[in-house]
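Here are two short exercises to work through with the structure in view. Try each task yourself before you read its solution.

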Amino acid sequence: MRGLLRCAAGAVAVTVLTACGVAPGLGAGPLDEVRIMVPNPPGGGYDITARSVAAVAGEAELADDIEVFNLTGGAGTTALARLMYEQHDDRLLLAMGMGLVAVTRTEDSAHPITDATPLARLIEEPGAWLVPPESPFETLDDFLAAWADPDTTVRIGGGSAFAGPDHLSALLLAETVGVDVEDADYVWHDGGGELLAAIRSHDVDVASAGAGEYRNAIDAGELRVLAVTGPDRIDGIDAPTLKETGVDLEFTNWRGLIAPPAVSEESRDEMIDGLEALRESPQWRETLAANHWDDAFLAGDDYATFLTEEVDRIDTLLESLDLQ
């Protein structure tokens, strides 16, 4: 299966949301001086989520300043390794989600996610199947028919690595509609910015991605949505769910924040309190709607339990798709 994953060269960074702090003078809050590390380039889902947290925390006066920085490499494992080595750093966080959990299950050198200090799961996001506006695929059925045709090559791109959510969404769709998973050729682009460039330049024919990552391009008519992968249609996107097209599949991704091992209990609780206040703010509710995200807040010990269960769930999924 690993031979089916190809990494696209020539990364193009596209910053979708650049706000990463606010002007000083608001006074210290529970998230003050937090630094959020993003494990892939600007423009992807982790990046947008981290910068949204930083911007809203400033607007809601929960922080005087939050730094967001990108540390790429190893499909996210480089940033995860740094987090693990920065034990006791009470102000360093890592933006992560399903994709990073999956990478830790496929890479022997990766640190277990459960070794980190869980803070909060923040959002859940449906995926989308995207094409450029001039694509010959007018509907999902058009794409699926071409994909199933052995004489037709369909180049599928995604912004997550091997076994990440974009890849899993593609493999699950192939399995559901009867396309041989061995033929589900998938090209990995490191983050949403690089994938967007690949779609625009026609290096890929169809993209599997998070719906919120490309909201601006969708709104501007630069991309068309063939279908969304969640249980419901998305407000503002004129596209059916997979089930509405007759495909019996639902798939959603999630993202959250973790801290290094062995942070102080006082700091952990303070940051969780800050994230709970952020979640209740009107600015965060507006951010959820604007990015087509669903509230999936889960904090502290409950989040720790979820992460343990998620590791088991992803192990089962990877085994079913012969990815382990």
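**Exercise 1: two helices that pack**

The crossing of helix 1 and helix 9 is right-handed, and the model you are looking at is a predicted one.

Task: Find how helix 1 and helix 9 run relative to each other, and which residues meet.

Solution:
- Step 1. Two packed helices are described by the angle between their axes and the distance between the axes.
- Step 2. For helix 1 (residues 45–59) and helix 9 (residues 282–290), the angle is about 150 degrees, and the axes are 9 Å apart.
- Step 3. Angles over 145 degrees count as roughly antiparallel, so helix 1 and helix 9 are roughly antiparallel to each other.
- Step 4. Now look at the contact: helix 1 brings S52, V53, V56 and E59, while helix 9 brings Q283, W284 and T287.
- Step 5. Sorted by class, this contact has 3 nonpolar, 3 polar and 1 charged residues.

**Exercise 2: the space inside**

Task: Describe the largest cavity and its lining.

Solution:
- Step 1. Rolling a probe the size of a water molecule over the atoms shows where empty space is left.
- Step 2. Counting cavities of 30 Å³ or more gives 1, and the largest cavity holds about 360 Å³ of space.
- Step 3. Its lining has 32 residues, with N40, Y46, G159, S160 and P165 nearest the centre.
- Step 4. Elements giving two or more residues to this lining include helix 1, helix 5 (165–177) and strand 5 (117–131).
- Step 5. By class, the lining of the largest cavity divides into 11 nonpolar, 16 polar and 5 charged residues.

Notes
Residues are numbered from 1 along each chain as its sequence is written. This is a predicted model: local features need pLDDT of at least 70, side-chain atom pairs count only at pLDDT 80 or more; totals for chains, interfaces and linings use all residues. Side-chain values use heavy atoms; hydrogens and water are left out. Axes are lines fitted to C-alpha atoms, for helices over the stretch in contact, and angles run from 0 to 180 degrees between N-to-C directions. Helices (H or I, at least four residues) and strands (E, at least two) are DSSP runs, numbered from the N terminus. Angles under 35 degrees count as roughly parallel, over 145 as roughly antiparallel, 65 to 115 as roughly perpendicular and the rest as oblique. A crossing is left-handed if the near helix is turned anticlockwise from the far one by less than a right angle, and right-handed if clockwise. Contact means heavy atoms within 4.5 Å. Ala, Val, Leu, Ile, Met, Phe, Trp, Tyr, Cys and Pro count as nonpolar, Asp, Glu, Lys and Arg as charged, and the others, Gly among them, as polar. On a 1 Å grid over the protein atoms alone, a cavity is a set of points where a 1.4 Å probe fits but cannot get out, and a pocket is an open set with protein on both sides within 12 Å along at least five of seven lines; lining residues have an atom within 4 Å of a point. Grid points are joined across faces, edges and corners, and a volume is the space filled by probe spheres set on the points.
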